[in-house]
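Let's walk through this model together, one piece at a time. Keep the viewer open and follow along as we go.

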Amino acid sequence: MKNLIIVESPSKTKTLKKFLGDAFDIKASVGHIRDLPQKDLGIDTEHGFKPTYVVSPDKKKVIRDIRASLKEVDMLYLATDPDREGEAISWHLLEVLKPQIPVKRLVFNEITKAAILEAFEHTRDIDTNLVAAQETRRIMDRLFGFPVSKVLWYNVKGGLSAGRVQSPAIKLIVDREKLRSQFKASEYWGIEGEFLAGDEPFKAELVELEQKRVASGKDFNKNTGALSASDTIVIDEQLAKRTAEKFLERKWAVSNIEEKPITSNPYPPFITSTLQQEGVRKLHISSRQVMRSAQHLYENGYITYIRTDSVHLSNEAVQAARKAIADLYGEQYLSDKPRIYKSKVKNAQEAHEAIRPAGSKFRSPEELKTELTGKDWQLYDLIWKRSIACQMASAKLLQTTVKISGGDAVFRVRGRVIQFQGYFKAYVKSREKEAKLEDREKLLPTLKEGQELDCGQMTPVQHFTKPTARYTEASLIKEMESLGIGRPSTYASIMDTIQTRGYVKKVNGALVPTFTAYAVVQFLERHFRDLVDLQFTANLEESLDGISRAELDAGSFLDHFYFGEGEHPGLKNLTDQEFDKQQSRLIMTVEDAQGNPVQLRIGRYGIYLQNGETNATLPEDFIPSELKPEKITELLQKKNMEPKQFPPLPGSDEPILLKTGRFGPYLQCGKKMKSLLPGMTVEEVTGTIAQKIIALPRNLGDYKGDPVMADIGRYGPYIKCGKVNRKVEPPLNLLELTLQEAVGLLESSPAKRSSTVIRELGEDKTNGKPIVLKKGRYGPYVTDGEVNATLPRNLTPEELTLGEAQQLIIDKRAKGPVKRKTYKRKK
C-alpha cells in the first residue's frame with residue numbers, strides 16, 4: 001500500500017524520509033497554495049462574507065506534482081503544522097485537490113521517529129473550528145487592510161497601509177516617541193564614597209543628607225523629566241563639590257547591617273513570544289531571524305513546534321530534563337518535584353507543548369556542535385538551557401544592605417552572595433549576549449555594626465534624567481503580548497513589516513518611528529479610532545479566539561464589525577465618509593526658534609516643513625524627537641539660501657548650481673541635472689569638478705566602430721559602448737577615465753564582474769556543496785553553485801547564518817526557475 005504525505009516545507013520532507021522509507025511519498029505544499037486575490041477585496045460582503053480564493057501562480061507547478069503523485073497512492077495524509085494556519089492549509093489542499101482516496105489529518109509536535117509513528121496512531125479529521133478561526137482572521141485582516149489602506153492612499157499618501165495588528169503596533173511606538181519629545185532632561189548630582197575596611201576598599205553612594213533623602217533617578221517623572229518627589233534634596237554641582245570636600249574630614253562608621261535571604265525561581269520554558277524576546281536580547285538578531293533559525297531547527301528534528309502559547313511540558317519532556325540535570329549537575333540541583341507551569345498569556349491559543357529539545361532524551365549543545373553552526377547552534381543552546389533550568393532547584397541568595405553614617409550624612413551599599421546556585425548553574429537571564437554567573441554576585445568585605453571605616457576618597461558624580469526608553473523588538477513584543485494584541489506567531493512578521501514599509505527605523509536596536517508613521521496614526525485616530533484603540537484590538541483578538549472554540553459565530557461577528565450596530569458605526573460607514581485631504585496631510589503644527597507656527601506635512605515626495613511659501617523637505621531618516629525649534633529654523637534657512645554657483649560651461653551663459661534635494665546633493669545647469677559621484681561631499685565640489693560632471697556624458701573615443709560614452713546613471717558611474725554597459729567602480733575615477741581603461745572594462749568577463757564573494761558560510765550537510773554569500777548587481781544572494789537565492793530585506797549579510805542560507809536555497813529550489821514574461825506585438 002502506497003501513501004502520500006503532504007507537509008508545508010521542503011526541508012521537512014527530507015527529515016521525514018529518513019524515518020518512513022519508501023512506503024511513503026512525501027511532498028511539500030511550500031506554505032499556502034491559495035489566498036485572497038492581491039488586487040481585489042476578494043470578499044462578498046453582501047452574501048455572508050464569502051471569500052474568493054485564487055491559487056498562487058508559483059504554486060501551480062506544486063499542485064500539478066501533488067496531483068500526479070495522488071494517482072499512484074492509496075492513502076493521503078495531511079501533515080501540515082499543528083496550528084490554525086496548518087489546519088487551513090490542509091483544508092485548502094482538500095478543496096483544490098479533491099482527492100478520491102481516504103484522507104487523514106496527521107499531527108505531530110516534533111519531527112522525531114517516535115513522534116511520527118505515534119501520530120499515525122492518532123490521526124483525525126480536519127478541525128473545521130480551527131479552519132473557521134483562521135479564515136475569519138484572514139477576512140478580518142483583508143476587511144481592515146484593503147479598504148482602509150485605499151483611504152490612506154487617496155487622502156494621505158500613496159503606498160501607505162493599515163493592518164489589524166500592524167497599526168496598533170505603530171501607534172505604541174509613536175505614542176512612546178511623543179512622550180520622549182515632551183521630556184526635558186534634569187541635572188542632578190550624587191556623591192560616591194570609597195571606604196576602607198582594613199585593607200579592603202569598597203564603594204557606597206550617598207542616600208541621605210541633612211535628614212532628607214538624596215534624590216536619585218527614580219524621583220523624577222519619566223515622562224516629563226521634572227522632580228516628582230517632594231521629600232528629597234536635589235544636589236547640584238556646587239553643593240556636591242563642597243560637600244565632598246567636607247566629607248573627607250569626617251569620621252565614618254557602620255550604622256546598620258540588614259541581611260535578607262532571596263529565593264530566585266526558574267523561568268518557564270519558552271513559548272513563541274519569550275523565545276523571540278530572549279533571542280533578540282541575547283543573540284542580537286531580529287525576531288524574524290530568531291523565528292527563521294527556530295523553523296530550521298524544528299524542521300530538522302532538533303526542537304518541538306515553535307508556534308505555541310503553552311508553557312506546558314509533556315511527562316516525557318519533564319523526565320528528559322530531570323535526567324539531564326541529575327547526570328550533568330547532580331541530584332541536589334533537581335527541584336523537589338516536577339515543576340508545572342501555567343500560561344499567563346491572554347487568549348492562549350490551542351494547547352501545544354512549550355518549545356524544547358525534541359525527543360525523549362535532550363541532546364546537549366556540545367553533542368550538536370558538528371551538526372549545527374552559527375545562530376542555529378546558539379538558539380538551540382538557549383532553548384536547551386531554558387528547558388533544563390525550568391526543572392531545576394531555586395537559586396538561594398543573601399542580600400546584604402549596609403549603611404555608613406557620618407554626622408548628618410548616610411551612605412549605602414548593597415552586596416549579594418549566591419548561597420546555592422540552583423538553576424543559575426544552567427541558565428542566567430540577562431540583557432547581555434553572554435550572561436555570567438559571577439555577574440549575579442557583588443561581594444562586600446566582612447563588616448559589623450559600629451565598625452569605624454577609613455574614608456579613601458569622595459567623588460561628585462553628575463547625572464541626567466533619561467526619558468522612557470524606546471521600544472526594542474523584544475520589549476515591543478512583550479508589550480503587545482501583555483495587551484493581548486495579535487498572536488505571538490505573527491509578531492516576527494509584524495516587526496519586519498513596520499520596518500520594511502518605512503514606518504519604523506531601527507537605530508542601535510531601538511525602534512524609532514518616522515513622521516510617516518505619525519501621519520498614519522494621526523489619520524486613523526481621527527477617522528478610525530477603534531482600529532488603533534489597544535483595548536478594542538485586544539477584544540477583537542479575544543473574539544477571534546472565541547470563534548476557534550466554537551463559542552462565537554463567525555458570520556455574526558463579521559457582520560457587526562463591517563456593517564455596525566447601535567453605537568458602533570461599522571467599518572463600511574467609516575470608509576464611506578468624506579475626508580479633508582489638506583487636513584489629513586497635516587501631521588502637526590510646530591514652532592521655529594522665533595515662536596512662529598510652522599506646519600509639518602506629508603506629501604507625494606515625503607515629509608516637509610511649510611512656512612508660507614517656503615517648503616523644506618526632511619531627510620527620510622529624521623528622528624521625530626529631534627525636531628526642535630532651532631532645527632526647524634535651520635532647515636528653513638537652508639532652503640531659503642541661494643544655491644552655490646560655479647562658472648558656466650564654455651560657450652554657455654547658464655551658471656552651474658549646487659543644490660540639495662530629496663535624494664541628496666546634485667548639480668543643475670538650466671534643465672540639466674546630474675548627481676555627484678558616489679561618496680563625494682559638497683565640500684569636495686570645485687568649479688572644475690562641477691563642469692566635468694555637468695558635461696557628462698563624455699565621449700572617450702571609439703571601440704570596434706562604436707563610441708564609448710562615460711556617464712552617471714541611476715545606479716552610479718558607468719560606460720556604454722553599443723549594447724554593452726559596464727559599471728565604473730573605484731579605484732577608477734569616471735571623470736579621469738581613459739579610453740584604454742574603458743576598453744579593459746569592456747573586455748572583462750561579465751560573469752567575473754557580476755558578483756563578488758562576501759564570505760563562505762560553510763558546507764551543506766546534505767550534499768557537501770559549499771554555500772557562499774555573494775554580492776550581485778541587484779544585491780546580496782546565496783548560492784550552492786546551482787541555485788541562487790536573493791536575501792530578503794529582513795536578513796542582513798553580516799548576520800546571515802548557514803541554516804538561514806540553506807533554507808533560502810531550499811525554498812528557491814522548490815519554487816523552480818523564474819518564468820520570464822514574453823510580450824507579443826499587437827496587430
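Trp252 has Leu453 as its bridge partner in S16. That pair belongs to the join between strand S13, residues 252–264, and strand S16, residues 452–464, which run antiparallel and are linked by 2 bridges. S13 has another partner too: 11 bridges join S13 to strand S14, residues 395–406, again in the antiparallel sense. To find your place in that pairing, look for Ile257, which stands opposite Val402 in S14. As you follow any of these strands, it helps to recall that in a regular strand the side chains alternate between the two faces of the sheet.

Before going further, please keep in mind that this is a predicted model. The protein has 23 helices and 34 strands, and its C-alpha trace spans about 105 × 90 × 65 Å along the principal axes. Of its 827 residues, 50% count as buried. Among contacts between residues at least 6 apart in sequence, 66% join residues at least 24 apart.

Now turn to a sheet further along the chain. Here 4 strands form an open sheet in the order S23-S24-S25-S26, with antiparallel pairing. Which strands stand at the edges of this sheet? They are S23 (644–646) and S26; each has a single partner strand, so one side of each is left without a neighbour in the sheet. From one strand to the next, the twist averages 30 degrees.

Let's go across this sheet pair by pair. S23 and strand S24, residues 656–661, pair over 3 antiparallel bridges, and Lys644 finds its bridge partner in Leu658 of S24. Helix H20, residues 687–694, packs on the sheet and touches S23, S24, S25 and S26. The direction of H20 makes about 75 degrees with that of S25.

At the other end of the strand order, 4 bridges join strand S25, residues 664–669, to strand S26, residues 672–675, in antiparallel fashion. Tyr666 stands opposite Ser675 in S26. S25 and S26 form a hairpin with 2 residues between them, and Gly670 in the turn has a positive phi of about 65 degrees. Cys669 is a residue to look at here: buried means under 20% relative accessible area, and Cys669 counts as buried because its relative accessibility is 13%. Elsewhere, Cys390 counts as buried at 0% relative accessibility. As for cross-links, the structure holds 0 disulfides.

A second open sheet of 4 strands follows, in the order S27-S28-S29-S30 and with antiparallel pairing. At its edges stand S27 (698–703) and S30 (724–727), each with a single partner strand, so one side of each is left without a neighbour in the sheet. Neighbouring strands of this sheet are turned by 25 degrees against each other on average, direction ignored. In one of its pairings, 4 bridges join strand S29, residues 716–721, to S30, and the two run antiparallel. For a landmark, Ile719 has Arg726 of S30 as its bridge partner. Helix H21, residues 739–747, lies across S27, S28 (706–713), S29 and S30, and runs at about 65 degrees to S27.

Finally, let's look at helices that pack on other helices. Two packed helices are described by the angle between their axes and the distance between the axes. How are H5 and H16 placed by these values? Helix H5, residues 128–155, and helix H16, residues 554–563, pack at an angle of about 10 degrees, with their axes 11 Å apart. H5 and H16 are therefore roughly parallel to each other. Thr136, Ile139, Met140 and Leu143 of H5 make the contact with Ala554, Phe557, Leu558, Phe561 and Tyr562 of H16. These residues divide into 8 nonpolar, 1 polar and no charged.

The other pair to visit is helix H9, residues 287–299, with helix H11, residues 374–389. Their axes lie 9 Å apart and they pack at about 80 degrees, which means that H9 is roughly perpendicular to H11. On the H9 side, the contact is made by Val290, Ser293, Ala294, His296 and Leu297, and on the H11 side by Lys375, Asp376, Leu379 and Tyr380. By class, this contact has 5 nonpolar, 2 polar and 2 charged residues.

How values were computed:
Residues numbered from 1 in each chain as written. Predicted model: local features only at pLDDT ≥ 70, side-chain atom pairs only at ≥ 80, totals over all residues. Heavy atoms only, no water. Axes fitted to C-alpha atoms, helices over the stretch in contact; angles between N-to-C directions. Parallel < 35°, antiparallel > 145°, perpendicular 65-115°, else oblique. Contact = heavy atoms within 4.5 Å. Nonpolar A, V, L, I, M, F, W, Y, C, P; charged D, E, K, R; others polar. Pairing = 2+ DSSP bridges. Disulfide = S-S within 2.5 Å. Buried < 20%, exposed > 50% of the residue type's maximum accessible area, 1.4 Å probe, protein only.
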